[in-house]
Amino acid sequence: MAELVVIGFEDPQQADSALNELARLQTEYLIDLEDAVVAVRSPDGKLRLKQSVDLIGAGAASGGIWGAMWGSLVGLLFLNPLLGLATGAALGAGAGALSGKLADYGINDDFIRSVAEAVQPNTSALFILVRKAQPEKVLAEMKQFRGRVIRSSLSPEQESRLQAALSGPEVSMPGSAEPAAPSAADGTTPPGVGSSPQPPGGATGPTGA
C-alpha cells in the first residue's frame, strides 16, 4: 500500500527544502520514497514542476518509475472538472476522460479540492509517493516545515492502474510542458481556485509530513 501525499507550503521555496530533508531521511532508512516532485505556482497562477533531488541516488524503491507522469497527475488535480474549470482542450481527450474516474484510482473529490485549496498562487507543494516510513521520527524531523498535509492511500492495484492510465499516449502534461496541439484556447493558465490554505483538518494531517 502506497501513500500519495501532498504537502502545501505558503512559501514558493519551502517545498524544495522539505524534499531535500526527506531525501536525507531516506538515506537513513527512516522513509522509503517511491518518487517525488515539487510543484511551484507563480504569482500569476502558472504551475511549474521540478524534481530537485536525485531520489534514485538516495535509494528510491522504483528508480523514478513515475517520472513524466507527475505532470499529467498534477495537471488533473488542478484542472479537474469538479473545480468548475474546463479541461478537455487543456488536457487532451485521454486526460479529460481520466479526470472523471480518479476516484477509481484512490483519489477522491475531497482530496482534489484540498490540493487546489492548498496550492494557491505564489506557493509551492511537494507531491510524494511513500512506500513506508517511521512516522514519529519523520514527523519530528519535518515539523520545522510548516505545511498542509493531504494524503490518500493507494492499493498496489490502484497505483498500477493509475500509472498505466497516466502513461497513455493521449494524456498531455499540463503545467510542465507546452500544450500539444492547437487545442489550448488562449494559452493561459486558469486562475487559482478555492481560498487561501486553511489549517489542517478532517482527513488532512497536521503540520509536517
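Reader: Which side chains does the polar contact of 2.7 Å join?

Author: The side chains of Asp-16 and Lys-50 are joined by that polar contact of 2.7 Å. A polar contact here is a pair of N or O atoms within 3.5 Å; within protein, one atom must be able to donate a hydrogen and the other to accept it, and residues adjacent in sequence count only if both atoms are side-chain atoms. The model is predicted: local features need pLDDT of at least 70, side-chain atom pairs count only at pLDDT 80 or more, and totals for chains, interfaces and linings use all residues. Residues are numbered from 1 along each chain as its sequence is written, and side-chain values use heavy atoms, with hydrogens and water left out.

Reader: Where is Asp-16 found, and is Asp-16 buried or exposed?

Author: Asp-16 is in helix H1 and is buried, at a relative accessible area of 12%. Buried means under 20% relative accessible area, exposed over 50%, and partly exposed in between (1.4 Å probe, protein chains only). Helices (H or I, at least four residues) and strands (E, at least two) are DSSP runs, numbered from the N terminus.

Reader: Which strands does H1 lie across?

Author: H1 lies across E1, E2, E3 and E4, and runs at about 170° to E2. Axes are lines fitted to C-alpha atoms, for helices over the stretch in contact, and angles run from 0 to 180 degrees between N-to-C directions.

Reader: Turning to charges, how many salt bridges does the structure hold?

Author: There are nine salt bridges in the structure, each being a side-chain nitrogen of Lys or Arg within 4 Å of a carboxyl oxygen of Asp or Glu. One of them is between Glu-21 and Arg-24, at 2.5 Å from N to O. Both residues belong to helix H1 (residues 14–27) and stand three residues apart, about one turn of the helix. Glu-21 is buried at 12% relative accessibility, whereas Arg-24 is partly exposed at 33%.

Reader: And what does Glu-34 form with Arg-131?

Author: Glu-34 and Arg-131 form a salt bridge, with their closest N and O atoms 3.0 Å apart. Glu-34 is in strand E2 (residues 31–41) and Arg-131 in strand E4 (residues 123–133), so this pair ties together parts that are 97 residues apart in sequence. Glu-34 is buried at 3% relative accessible area, while Arg-131 is partly exposed at 33%.

Reader: Which residue does the side chain of Arg-131 meet in the salt bridge of 3.1 Å?

Author: That salt bridge is with Glu-159. This pair again links distant parts of the chain, 28 residues apart: Arg-131 in strand E4 and Glu-159 in helix H6 (residues 156–166). Glu-159 is buried, its relative accessible area being 3%. Elsewhere, Glu-21, Arg-24, Glu-28 and Glu-141 are joined into one network by salt bridges that share partners.

Reader: New topic, the sheet. In what order do the five strands stand?

Author: The order is E3-E2-E4-E1-E5, in an open sheet with antiparallel pairing. E3 and E5 are at the edges with a single partner strand each, so one side of each has no neighbour in the sheet. On average, neighbouring strands are turned by 20° against each other, direction ignored. Two strands pair if DSSP finds at least two bridges between them.

Reader: How many bridges join E2 to E4?

Author: E2 and E4 are joined by 10 bridges and run antiparallel. Ala-36 stands opposite Ile-128 in E4.

Reader: Now the interior. Which residues touch the most other members of the largest nonpolar core?

Author: Ile-107 and Phe-127 do, in a core of 29 residues. Helix H2 gives the most to this core, with seven residues. A nonpolar core is a set of buried Ala, Val, Leu, Ile, Met, Phe, Trp, Tyr and Cys residues joined through side-chain atoms within 4.5 Å.

Reader: What is Ile-107 in contact with, leaving aside its neighbours within four places in sequence?

Author: With those left aside, the contacts of Ile-107 include Leu-4, Leu-73, Leu-77, Ser-152 and Leu-162. Another core, of 21 residues, lies apart from the largest one, with Leu-22, Val-38, Phe-145 and Val-149 among its members. Contact means heavy atoms within 4.5 Å.

Reader: And overall, how much of the protein counts as buried?

Author: Of its 209 residues, 47% count as buried. The protein has six helices and five strands, in the pattern β-α-β-β-α-α-α-β-α-β-α along the sequence.
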